[in-house]
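Dear colleague,

I am handing over a structure that I would like you to look at when you have a moment. The sequence and the coordinates are placed just below, and my notes come after them.

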Amino acid sequence: MTLPERYNQLTQWIERLTGQPDDLLHIHAGMAVFMVARLATGRSFGSFIPFAFAVAAELVNELLDYLHGQGWTASGSAVDLVNTLFWPAVISAGVRWRPMIRRDRPAPDRPGIDDAA
C-alpha cells in the first residue's frame with residue numbers, strides 16, 4: 001500500500017471516528033499544527049514560523065490527496081486551503097501587527113528599561 005493510500009485511509013478513519021465534516025477537520029488540523037509548531041519552535045505566532053508550518057502541512061495534505069487521485073479538484077483544494085489557513089493567518093497577522101497596549105509602553109514620567117541610568 002502506498003503512502004497516499006494509507007494517508008487517505010487515515011483521514012477517512014478520522015472523519016468516521018469524529019463524525020465531523022472534512023471542512024471542520026481542516027480547521028481543527030490547521031489550528032493543531034499551528035499550535036504544535038508554536039510550542040515546538042518556541043517562536044511567537046507573530047514570527048510567521050508557526051504559520052509556515054501550517055502552510056507546509058496543508059500543502060503536503062493536498063499533495064497526498066492529489067497523488068491518491070480520488071476526487072481531487074482545484075476548487076476543492078482551494079476550499080481546503082482556506083479552511084486550514086484562515087485562522088492561523090488571522091492570528092499571525094493580529095499578533096504581528098497589534099498596536100502596543102498601554103501596559104507595554106513606559107509611562108511618560110517613568111524611564112523605560114533602556115533609559116535606566
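What follows is a short account of the fold, the pocket, one surface patch and a few residues that may interest you.

Please keep in mind throughout that this is a predicted model. The secondary structure of the protein chain comes to four helices and zero strands, and when the chain is read along the sequence these elements follow the pattern α-α-α-α. Of the 117 residues of the protein chain, 21% count as buried.

The largest pocket holds about 620 Å³ of space, and its lining draws two or more residues from each of the elements α1, α2 (22–41), α3 (49–68) and α4 (74–97). In total 29 residues line this pocket, and those that lie nearest its centre are Thr11, Asp22, His26, Asn61 and Asp65. Sorted by class, the lining of the largest pocket is made up of nine nonpolar, 14 polar and six charged residues.

On the surface, Leu10, Trp13, Ile14 and Leu17 together make a nonpolar patch of about 390 Å². Tryptophan 13, one of the residues in this patch, sits in helix α1, which covers residues 3–18. Its relative accessibility is 46%, so tryptophan 13 counts as partly exposed, given that this class lies between the cut-offs of 20% for buried and 50% for exposed.

Phenylalanine 48 deserves a separate look for its backbone. This residue is placed in the loop between α2 and α3, and its phi is near 70 degrees, a positive value in a residue other than glycine. As background, most residues other than glycine have a negative phi. With a relative accessible area of 27%, phenylalanine 48 is also classed as partly exposed.

Finally, which residue is valine 90 set against in the C-alpha comparison, and how far apart are the two? The partner is phenylalanine 51, which stands 39 residues away along the chain, and the C-alpha atoms of the two residues are separated by 9.8 Å. Valine 90 itself belongs to helix α4, and because its relative accessibility is 36%, it counts as partly exposed.

With the structure open, you could begin at the pocket and go on from there to the patch and the single residues.

With best wishes

Conventions. Residues are numbered from 1 along each chain as its sequence is written. This is a predicted model: local features need pLDDT of at least 70, side-chain atom pairs count only at pLDDT 80 or more; totals for chains, interfaces and linings use all residues. Side-chain values use heavy atoms; hydrogens and water are left out. Patches are made of residues with over 30% relative accessible area and no salt bridge: like charges are joined within 9 Å, nonpolar side chains (Val, Leu, Ile, Met, Phe, Trp, Tyr) within 5 Å. Accessible areas come from the Shrake-Rupley method with a 1.4 Å probe; for residues, only the protein chains shown count as cover. A salt bridge is a side-chain nitrogen of Lys or Arg within 4 Å of a carboxyl oxygen of Asp or Glu. Buried means under 20% relative accessible area, exposed over 50%, partly exposed in between (1.4 Å probe, protein chains only). On a 1 Å grid over the protein atoms alone, a cavity is a set of points where a 1.4 Å probe fits but cannot get out, and a pocket is an open set with protein on both sides within 12 Å along at least five of seven lines; lining residues have an atom within 4 Å of a point. Grid points are joined across faces, edges and corners, and a volume is the space filled by probe spheres set on the points. Ala, Val, Leu, Ile, Met, Phe, Trp, Tyr, Cys and Pro count as nonpolar, Asp, Glu, Lys and Arg as charged, and the others, Gly among them, as polar.
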